[in-house]
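Here are my notes from going through the model, point by point. Have it open next to you while you read.

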Amino acid sequence: MGKYICVDQEERFRILRVIAGSTNYVTMEAFDEKKNRECFLKVHEITDKKDEDYRENNLLREGSFRFSYPFIEEIYGSFKGCSPMGDPLVGVCGEYVRGQDLEEYRESLEKKIQKVDISEEDAERIILRQIYEFLHGMEYYLRYANPPYLHRDLKPANIMILPSEDVKIVDFDYAHISGSTDTIYVGGHGVGFSRGYASPRVLRYERGQPDTFPGEQEEIYAAGRILFFWLNGKPYFENAEMGEKENGERYKTLESKDQTLYWNNPNLAYSHKAERFHRKYREKRYEKLMEILRKMCSDPSSEDAYRNISDVKTDMKNFLLEYCGNSCKTFERYFDLPFLLDGNEDANIEDAPMVAYGIFGADAFLSAKVLAKNSMRDILMDKRKVMTVYNRDHKIWYLPALGMQVERENIQGEDTREIRNGDIFIVNGKKIRFTIG
């Protein structure tokens, strides 16, 4: 604590707290003196060992997955520098996400239910909203580029629940572009895929079979098993089915032909066993939800298996609407994500702020508009959308357009997605100044 990681011979990151350390990576909470913001660091000491090159490459690659979206951890970039002891290291710097991972959160939520601190009905609505946010986040990174970006290690430990109970998908160090073979090795440490959530097709992967390269359907499978955990508070597979022996040891490799392992058992690999769900989910009210989970985890070669995340999200929205008795007002109260709506103008503009922006330069112009609660507007530069602003809880927030790098020039306090009066942003070398009032 208090020591610095140096970058370009300058004291850049002040260590606030070491979160975890291993032979692979050290993670920590730090303060970026240059950007004047708290951040999350994941670093690895650079060595001459060839078998450790992948760790360095993972961090450098993770630094390129720079999404700007409410439900995805924001990565600021990767760097090379020196530890406080002067040892060379490589690292990635990102948003510091406060909260609990889904495993921790689900356990604490269950305790609240047992203590009657929250009703089962309210807890379920929170869970369903979080699932809906999670699917929005998945759709964003899967649709961000073509070919799509893949996370490749979706599991409860890589989903954070914020104090607001909103969702953040984190840890993209195993992510890569679909179709790339650079990091396809799954027999060892090259790919994250975790047992219990990884698709059986991935765990049975044999090098040289391009039709089994991880793709969007493998992401959907992992998400389906995560949704089971979210709803039931436990994994779908038993420990033995995931390769955990009674003495706590694990199968060292994935090459065993043991039929008790879920990826080797055709009756288990893509199963949807109703008896593994909580009793209430077998009721008719949840019939469509169960069908969604079944199709998410179906054999990818079957006709009714989901092939893209957008279909999953659409079916989930239809289920949630039915869950609300087909009442749009009830749906809006529990499940609407107001900052993701398009042009939702609230008739009541009382107390709504005026949002004005001007672009510095020869083509400078000023645009001003009252932004009603839950409504959005696009910010244009050279007739091209560079960001979207929205009114959430009477505060103005922004979302960069796909492919746009938006940097805040002046940081007032903590750097968040909120826009404050007088804030200046830099996009493509030009400056945008906002007036909120």
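1. Let me start with one residue pair: Ile424 has Arg433 of β19 as its bridge partner. That pair belongs to the contact between β18 and β19, where four bridges join two strands that run antiparallel. Keep in mind throughout that this is a predicted model.

2. The link between those strands deserves a look too. β18 and β19 form a hairpin with two residues between the strands, and Asn428 takes a positive phi near 55° there.

3. Zooming out, where do β18 and β19 sit in their sheet? The sheet is an open one of five strands, ordered β13-β12-β19-β18-β17, and its pairing is antiparallel. At the edges you'll find β13 (366-370) and β17 (406-408), each of which pairs on one side only. On average, neighbouring strands here are turned by 25° against each other, ignoring direction.

4. Now for the other neighbours within that sheet. On one side, β18 (residues 424-427) is joined to β17 by three bridges, and the two run antiparallel. Val406 is the residue that stands opposite Val427 of β18. As for β19 (residues 430-436), five bridges pair this strand with β12 (residues 354-359), again in the antiparallel sense. If you want a pair to click on, try Val355, whose bridge partner in β19 is Ile436.

5. There's a second open sheet to check, this one with three strands in the order β14-β15-β16 and antiparallel pairing. β14 (376-381) and β16 (395-400) are the edge strands; each has a single partner strand, so one side of each is left without a neighbour in the sheet. Neighbouring strands in this sheet are turned by 30° against each other on average, direction ignored.

6. Within the three-stranded sheet, the pairing of β14 with β15 (residues 384-392) runs over six bridges, with the strands antiparallel. Ile379 stands opposite Met387 of β15.

7. On to the helices. How are α3 and α5 arranged relative to each other? Helix α3 (residues 120-143) packs against helix α5 (residues 216-232) at an angle of about 165°, and the axes are 11 Å apart. Angles over 145 degrees count as roughly antiparallel, and α3 and α5 therefore fall into that class. Their crossing is right-handed.

8. Who makes that helix contact? From α3 the residues include Ile127, Ile131, Phe134 and Met138, and from α5 they include Ile220, Ala223, Leu227 and Trp230. By class, the contact of α3 with α5 has 13 nonpolar, one polar and three charged residues. The charged ones are worth finding on screen: Arg143 of α3, plus Glu216 and Glu219 of α5.

9. Staying with α5, have a look at Asn232, which is found in this helix. Is Asn232 buried or exposed? With a relative accessible area of 14%, Asn232 is buried, because anything under 20% counts as such. Leaving out residues up to four places away in sequence, Asn232 touches Arg106, Arg276, Phe277, His278 and Tyr281.

10. Last one: Lys35, in the loop between β3 (26-32) and β4 (37-45). Lys35 has a relative accessible area of 31%, which makes this residue partly exposed. Check the distance to Asn410 as well: Lys35 and Asn410 are 375 residues apart in sequence, yet their C-alpha atoms are 9.6 Å apart in space.

Conventions. Residues numbered from 1 in each chain as written. Predicted model: local features only at pLDDT ≥ 70, side-chain atom pairs only at ≥ 80, totals over all residues. Heavy atoms only, no water. Axes fitted to C-alpha atoms, helices over the stretch in contact; angles between N-to-C directions. Parallel < 35°, antiparallel > 145°, perpendicular 65-115°, else oblique. Left-handed = near helix turned anticlockwise from the far one by under 90°. Contact = heavy atoms within 4.5 Å. Pairing = 2+ DSSP bridges. Buried < 20%, exposed > 50% of the residue type's maximum accessible area, 1.4 Å probe, protein only.
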